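Work through the exercises below with the coordinates open. Each one is followed by a solution in steps.

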Amino acid sequence: MTIVTGKAEARRRLQSGRSGVLQKIWEHRADYAYVLPAIAVMLIVIAYPIYYTIELSFFKTPPGLQLRDKTFIGFDNYTAILTSEVFWKVTWNTLIWTLGSTLISFVLGFATALALHRAFIGRGVLRAILIIPWVISAVAASYIWKWIYHSDFGIIGAALVGLGLADRPPNFIDSVSTVLPSLIVVNIWREFPFAMIMMMAGLQTVPEQLLRAAQVDGASAWQRFWHVTFPHLRNVSTVTILLLAVANFNSFIIPWIMTGGGPSNASHIWITHIYELAFGRQRWGVASAYSVLLFLILMTLGYFYVRALSGNERKEGSA
């Protein structure tokens with residue numbers, strides 16, 4: 001009898017909850033009407049392409065992408081991807097690219113933010129100069145660095161030869177062993193100002209009275225940083241790292257413009273490989289399967305990003 005009563009009570013609460021949601025929607029129908037055009041645009045621009053990409057990943061498509069000629073092959077595209085040597089090579093390149101760019105950009109940006117947090121003459125000018133790589137166009141930066149790295153006319157090679165440090169200009173982006181590290185250097189140069197700005201903003205929230213109290217108690221500079229400053233920057237650090245990781249995992253302009261994935265796929269990452277498969281080789285089904293896998297990875301990173309933001313909001317609310 002108790003079990004039956006409990007089930008009836010749970011059913012009643014569920015129905016009342018549903019009716020309560022519908023009632024709230026009806027009460028705020030005017031508000032929903034305002035956002036309805038935006039929702040419609042999102043469904044057309046975002047939801048339908050995602051659905052169509054997932055659907056296309058289960059088909060073998062002809063080069064011309066004639067819909068009537070595509071053939072359903074199930075998970076064969078995914079099987080072909082996971083058993084391909086190129087996939088694992090590109091995945092390894094993507095991991096090196098993402099982790100190297102993200103971690104070094106964050107550490108360099110954090111260190112720069114700490115250095116610029118102290119007041120000194122010319123601090124504002126130096127901040128403006130360091131932000132330039134972040135605000136400059138990625139396309140323009142890619143072409144500039146492609147010229148800088150050029151094996152015949154590049155300024156770095158000419159400087160090394162002129163100083164007697166090399167017999168001939170090195171092949172930075174024409175060598176399999178050096179192309180990916182060279183691209184990572186360019187990406188770090190562009191991204192570390194973003195980490196610097198985020199961490200400078202976080203440093204403004206560190207209570208000055210706590211730092212003074214720790215100094216009075218005899219704490220060293222490292223102890224003040226580790227026990228006072230860093231705990232206050234933990235949340236903004238997490239958000240910054242996640243944003244950098246998502247941006248790097250989905251980065252396209254620098255590797256594509258500078259090398260196009262070469263030489264010998266040495267600088268191909270997921271996003272450039274997908275582009276080449278789709279628009280270079282016109283293997284739309286395989287490219288769609290790659291895109292679905294990339295979408296799942298980015299959604300996972302996005303989940304942790306939202307959790308980090310939600311944790312920050314809860315802490316601010318409790319404070």
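**Exercise 1.** State where Pro263 lies, and the geometry of the peptide bond from Gly262 to Pro263.

Solution. The model is a predicted one. Step one: Pro263 lies in the loop that runs between α11 (253-258) and α12 (270-280). Step two: the bond from Gly262 to Pro263 has omega near -10°, and it is cis. Step three: most peptide bonds are trans.

**Exercise 2.** Which sign does phi take in Ser264, and is Ser264 buried or exposed?

Solution. Step one: Ser264 is found in the loop between α11 and α12. Step two: phi of Ser264 is near 55°, a positive value in a residue other than glycine. Step three: most residues other than glycine have a negative phi. Step four: Ser264 counts as exposed because its relative accessibility is 60%, and the cut-off for exposed is over 50%.

**Exercise 3.** Give phi and the exposure class of Asn265.

Solution. Step one: Asn265 also lies in the loop between α11 and α12. Step two: phi of Asn265 is near 60°, which is positive although the residue is not glycine. Step three: the relative accessible area of Asn265 is 23%, so Asn265 is partly exposed.

**Exercise 4.** Describe the protein chain as a whole by its elements, burial and contacts.

Solution. Step one: the protein chain has 13 helices and two strands. Step two: of its 319 residues, 34% are buried. Step three: among contacts between residues at least 6 apart in sequence, 67% join residues at least 24 apart. Step four: the protein chain exposes about 19,700 Å², with carbon and sulfur atoms supplying 67% of that area.

How values were computed: Residues are numbered from 1 along each chain as its sequence is written. This is a predicted model: local features need pLDDT of at least 70, side-chain atom pairs count only at pLDDT 80 or more; totals for chains, interfaces and linings use all residues. Side-chain values use heavy atoms; hydrogens and water are left out. Helices (H or I, at least four residues) and strands (E, at least two) are DSSP runs, numbered from the N terminus. Buried means under 20% relative accessible area, exposed over 50%, partly exposed in between (1.4 Å probe, protein chains only). Contact means heavy atoms within 4.5 Å. Accessible areas come from the Shrake-Rupley method with a 1.4 Å probe; for residues, only the protein chains shown count as cover.
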